[in-house]
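Visitor: I would like a close look at a single part of this structure. Please take one helix, go through it slowly, and then show what lies around it.

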Amino acid sequence: MELMVRAFHLHTDMPDRYINEAGVELNAPHQEGLFVTGNRRQHAVPYKTDAYGFNTLQNNRDTKAQKTIALIGDSFIEGFHQPTSASLGKMVEAQLQNTTVTEYGLSGYDFADQLYLVHTYREHFEQMDALVFYLKYENDLERDTYTPNWERNNKRGALLTKIREESKLLSYVGRLGIINEFSRFIKGKESRKVAFEKQNESHLNPKLDKKRITNFKKLLQQYSLPLSKIYLLVDASNASTNFIRTCKTMGIKLIDINSTLQQTDTQTNYLYDTHWNHYGRQRVATAISSCFKK
C-alpha cells in the first residue's frame, strides 16, 4: 500500500512551516510540491511558495499598476487547491483594470494572525491601496491579541507527525480524515454532540457574540491600521447583526459572499472539500471586484 500511494502520488506534499524571528508564522520560502485532495487524487495541483513563503505570483506582478490590493486570510486565500494562474487574486485582476492583487494566505490564520502579519510588515502593506481580510466570524475572533502558535508549530515537528508525514500511506489516510474519524469514534457520540453544539454556539450565545466583537475592536485598536483601507470578505449569514452594525459604524467595508455563493444551483465548493472550486472562486472574485468598481 505504501508503494502504491507513492507510485500514484496519492499523498499531499505539505510545505514546511516555521515561526520567524519577528514571531510571524509562515511557510518556508521556495518550496515546491503537489497538493492532492480526494481519495482517488481527484484534484492535484502543483504549488511553489515565493520568497516570503506565500503561494502567489506576487513576484511576477506588474509593479506599475494603478491600484494594488492585498488578499489576506487562511487556506481559502492560500489557495493550494488551485494553480496560481487561476487563483482568486488572478480572477479579481481579470475583472479590474490596472490592478495588481496579491495573496497572503496561510492555513489556520485567524484575524489576529492576519493583522499581526500586516503590522509586522507595515512598510510593505502601506504601499497597498486596499487590504481585504477573509474573516470567518464563527471561529476567527477567539482572541484579542496575537501570540505565536507554538503549539501548532511544535506539533508539526513532533516525532509522530514526522513519522506520519514520512509514511505517505499514513499521510494519505490522515488527509482523508480516517484517523480523525477513528479518534472521534473512540471518544464516542457525546464528544461529537459537544463539538457540534460548540460550532453553532455563536448563533445562540449573546455573550460569545459580545466577546468576539470586543476582540475585533481590540485587535484593530492594537495594530492601528487605517480603517479606510480595510475590507472584510465575510459570509454575513454566519455573522451577527451586532457585528455587521459595528463594522458599518467603524467605516469598515464588508464584502458579503453569502449571496453570491448561495444564489446558484451550481456547486461552488469541491465535493470532497469545503474550499471553493473554480466556479466558486469566480463568484467570490466577482463579489470582490464589484466592490472596487463602485
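Guide: What follows describes one helix and then moves outward to the parts around it. The model is a predicted one. The protein chain contains 14 helices and 9 strands, and 47% of its 294 residues count as buried. The helix chosen here is α11, which covers residues 206–223.

Start with its length. Helix α11 has 18 residues, and at 1.5 Å a residue these should span 26 Å. The C-alpha atoms at its two ends are 26 Å apart, so the expected span and the model agree.

Next, the two ends. At the start of α11, the backbone nitrogen of Lys207 has a side-chain oxygen of Asn205 within 2.9 Å. After the helix comes Ser224, which has a positive phi, near 40°.

Now look around the helix. Which residues of α11 are buried? They are Leu208, Asp209, Arg212, Ile213, Asn215, Phe216, Leu219, Leu220 and Tyr223. Around the axis these residues cover an arc of only 155°, which means that they lie on the same side of α11. The face turned away from this buried side carries Pro206, Lys207, Lys210 and Gln221, which are exposed. Lys207 therefore appears twice in this account: its backbone nitrogen takes part in the contact with Asn205 at the start of the helix, and the residue belongs to the exposed face.

What covers the buried residues of α11? The cover includes three helices and a strand, namely α4 (111–120), α5 (122–125), α12 (241–250) and β8 (230–234). Three of these elements can be followed further.

Take α12 to begin with. Cys247 lies in this helix, and its relative accessibility of 0% is why Cys247 counts as buried. Leaving aside neighbours within four places in sequence, Cys247 is in contact with Phe216, Leu232, Ile252 and Leu254. Phe216 is one of the buried residues of α11, so this contact ties a residue of α12 to the helix under study. Cys247 can also be compared with Tyr231: 16 residues separate the two in sequence, and their C-alpha atoms are 9.7 Å apart in space.

Then take α4. Asp113 is found in that helix and, at 4% relative accessibility, it counts as buried. The side chain of Asp113 makes a polar contact of 3.1 Å with the side chain of Arg143. Not counting residues up to four places away in sequence, Asp113 touches Gly108, Arg143, Tyr146 and Arg152.

The third element is β8, and it leads into a sheet. Strands of a sheet pair through backbone hydrogen bonds, either parallel or antiparallel. The sheet here is open, has 5 strands in the order β6-β5-β7-β8-β9, and is paired in the parallel sense. At the edges stand β6 (99–105) and β9 (253–256); each has a single partner strand, so one side of each is left without a neighbour in the sheet. From one strand to the next, the twist averages 25°.

At one edge, β8 pairs with β9 in the parallel sense over 4 bridges. Within this part of the sheet, Leu233 stands opposite Ile255 in β9. Another helix, α14 (residues 278–293), lies across β5 (67–73), β7 (130–135), β8 and β9. Helix α14 runs at about 155° to β8.

At the other edge, β6 runs parallel to β5, and 7 bridges join the two strands. Thr102 in β6 is the bridge partner of Ala70. Is this edge strand buried or exposed? In β6, 7 of the 7 residues are buried, so the strand is largely enclosed by the rest of the structure. Both of its faces are covered. On one side the buried residues are Thr99, Val101, Glu103 and Gly105, and on the other they are Thr100, Thr102 and Tyr104.

One figure for the whole chain can close the tour. Among contacts between residues at least 6 apart in sequence, 67% join residues at least 24 apart.

Definitions and conventions:
Residues are numbered from 1 along each chain as its sequence is written. This is a predicted model: local features need pLDDT of at least 70, side-chain atom pairs count only at pLDDT 80 or more; totals for chains, interfaces and linings use all residues. Side-chain values use heavy atoms; hydrogens and water are left out. The expected span of a helix is 1.5 Å times one less than its number of residues. Buried means under 20% relative accessible area, exposed over 50%, partly exposed in between (1.4 Å probe, protein chains only). The arc is that of the directions from the helix axis to the C-beta atoms. Contact means heavy atoms within 4.5 Å. A polar contact is a pair of N or O atoms within 3.5 Å; within protein, one must be able to donate a hydrogen and the other to accept it, and residues adjacent in sequence count only if both atoms are side-chain atoms. Two strands pair if DSSP finds at least two bridges between them. Axes are lines fitted to C-alpha atoms, for helices over the stretch in contact, and angles run from 0 to 180 degrees between N-to-C directions.
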